[in-house]
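Visitor: I am new to this structure and would like to go through it by question and answer. Please show it to me before we begin.

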Amino acid sequence: MSKSSLNYEYDSEKHALTATAALRVERGKEISFDLKGLGAIYGYGFTNEQYYPWNQTRIQNERFEVNNTQCPVWLLEKGFVIFADTKESLSVTMDQNKLRLRCNTADITIRIYADENLTLAQQQFLNGLPDFRRNPGNEWIADSVFCTWTQYPRCITQDRILSFAKEIRENKYPCSTIVMDDKWEECYGDFSFSKDFPDPAAMVEELHRMGFQVILWITPFINDDSRGFQELSAKKLLVWNDKEDKPAMLRWWGGDAGLVDLTNPLGKQWYKEKLLHLKEQYGIDGLRLDVAYCLPAEFLKKLRTFSQALKPDFV
């Protein structure tokens, strides 16, 4: 129970909360929280102009898309967490100590976590999230994780990654893990290294000798100019547009792509075999699956089980 109270208004009625609760908000209706006196406001996710705490600015976002960089959660210094438990788009307004939320497409649940301080309230929130995988061991998270994106964005090569690793060691940074991020592939969806990596297996072996675990960045997208797209399309193992009898296409930051149909056992098997190849051919220690929210939760659970079968500490 919080030492403070969280006041809110819904359907023309005012309420006050001091304990954890779940609030049902009907489609198209607004719920308004009074944040005055509750201290600094954190959360909301990534934006082009990042303010911390959020008390410093006004937010008006009529289409807040819930995804891997925007989480509908607000953390209040005085011991509250406000979480919109939905994947639907939201209307979000923060102005003059007010937080107003509305969903125009579905009923939503707002979960309030309250405790004596924010640390305890946040722990309540985290405990309430689904946990379908074990925590990685200390060898992965006890010290720093360096990602190539922070240094090179999409301009990575075998030479640059090895140089990157050597600089980490020369400067004595505590680091056990390197994440090889975007643009190692020849083409998104082929799961093969580009010509900028003449001997990726030797590169991974060298990184291991230097004491690094190696994680590879992947996505669920299969670009239309990849060999994988042609193979999967011919077998109808992509998510299909039945009306036009062709793969359902989407546009993402890497181009035009389809998605492997993971409801089809053959689609699942194709995807798993690609991941197995990365582990066995190159000695990769783990995968960073970007945009994982696009994939069914049940598949992610099975993927975790599959990964553990490859190697107990594979992450």
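Visitor: Which strands stand at the edges of the open sheet of three strands?
Guide: In this predicted model, the sheet has the order E15-E19-E18, with antiparallel pairing. Two of its strands have a single partner strand each, so one side of each is left without a neighbour in the sheet. These edge strands are E15 (221-223) and E18 (250-252).

Visitor: By how many degrees are neighbouring strands of this sheet turned against each other on average?
Guide: The sheet is open, in the order E15-E19-E18. With direction ignored, the average turn between neighbouring strands is 55 degrees.

Visitor: What is the bridge partner of Trp-252 in E19?
Guide: E18 and E19 (residues 255-259) run antiparallel and are joined by three bridges. In E19, Trp-252 has as its bridge partner Gly-255.

Visitor: What is the strand order of the open sheet of four strands?
Guide: The pairing in this sheet is parallel. E12 (144-147) and E20 (286-289) each have a single partner strand, so they stand at the edges. The order is E12-E13-E14-E20.

Visitor: Which residue in E14 is the bridge partner of Val-179?
Guide: E13 (residues 175-180) and E14 (residues 213-218) run parallel, with four bridges between them. The partner of Val-179 in E14 is Ile-215.

Visitor: Which strands does helix H7 touch as it packs on the sheet?
Guide: H7 covers residues 265-282. Its direction makes about 150 degrees with that of E14. The strands it touches are E14 and E20.

Visitor: At about what angle to E13 does H4 run?
Guide: H4 lies across two strands, E12 and E13. Its angle to E13 is about 160 degrees.

Visitor: Is H4 roughly parallel or roughly antiparallel to H5?
Guide: The axes of H4 (residues 158-170) and H5 (residues 200-209) come within 11 Å and cross at roughly 0 degrees. Angles under 35 degrees count as roughly parallel. The crossing angle therefore makes H4, relative to H5, roughly parallel.

Visitor: How do the residues of the contact of H4 with H5 divide?
Guide: On the H4 side are Gln-158, Ile-161, Leu-162 and Ala-165. They meet Pro-200, Met-203, Glu-206 and Leu-207 in H5. The residues of this contact divide into six nonpolar, one polar and one charged.

Visitor: How many residues does the largest nonpolar core have?
Guide: Those with the most contacts inside this core include Met-203 and Leu-207, which also take part in the contact of H4 with H5. Met-180, Trp-184, Ile-218, Tyr-271 and Leu-278 are also among those with the most contacts. The number of residues in the core is 46.

Visitor: How many residues has the other core, which lies apart from it?
Guide: Among its members are Val-25, Ile-41, Tyr-44 and Ile-112. One of these, Ile-41, stands opposite Leu-76 in E7. The residue count of this other core is 31.

Visitor: Which residues of strand E7 are buried on the side of Val-73?
Guide: Both faces of E7 (residues 73-76) are covered. Trp-74 and Leu-76 are buried on the other side. On the side asked about, the buried residues are Val-73 and Leu-75.

Visitor: Which residue in the turn of the E7 and E8 hairpin has a positive phi?
Guide: E7 and E8 (residues 80-85) run antiparallel and are joined by four bridges. Leu-75 stands opposite Val-81 in E8. Three residues lie between the two strands, and the one with a positive phi, about 110 degrees, is Gly-79.

Methods:
Residues numbered from 1 in each chain as written. Predicted model: local features only at pLDDT ≥ 70, side-chain atom pairs only at ≥ 80, totals over all residues. Heavy atoms only, no water. Axes fitted to C-alpha atoms, helices over the stretch in contact; angles between N-to-C directions. Parallel < 35°, antiparallel > 145°, perpendicular 65-115°, else oblique. Contact = heavy atoms within 4.5 Å. Nonpolar A, V, L, I, M, F, W, Y, C, P; charged D, E, K, R; others polar. Core = buried A, V, L, I, M, F, W, Y, C linked by side-chain atoms within 4.5 Å. Buried < 20%, exposed > 50% of the residue type's maximum accessible area, 1.4 Å probe, protein only. Pairing = 2+ DSSP bridges.
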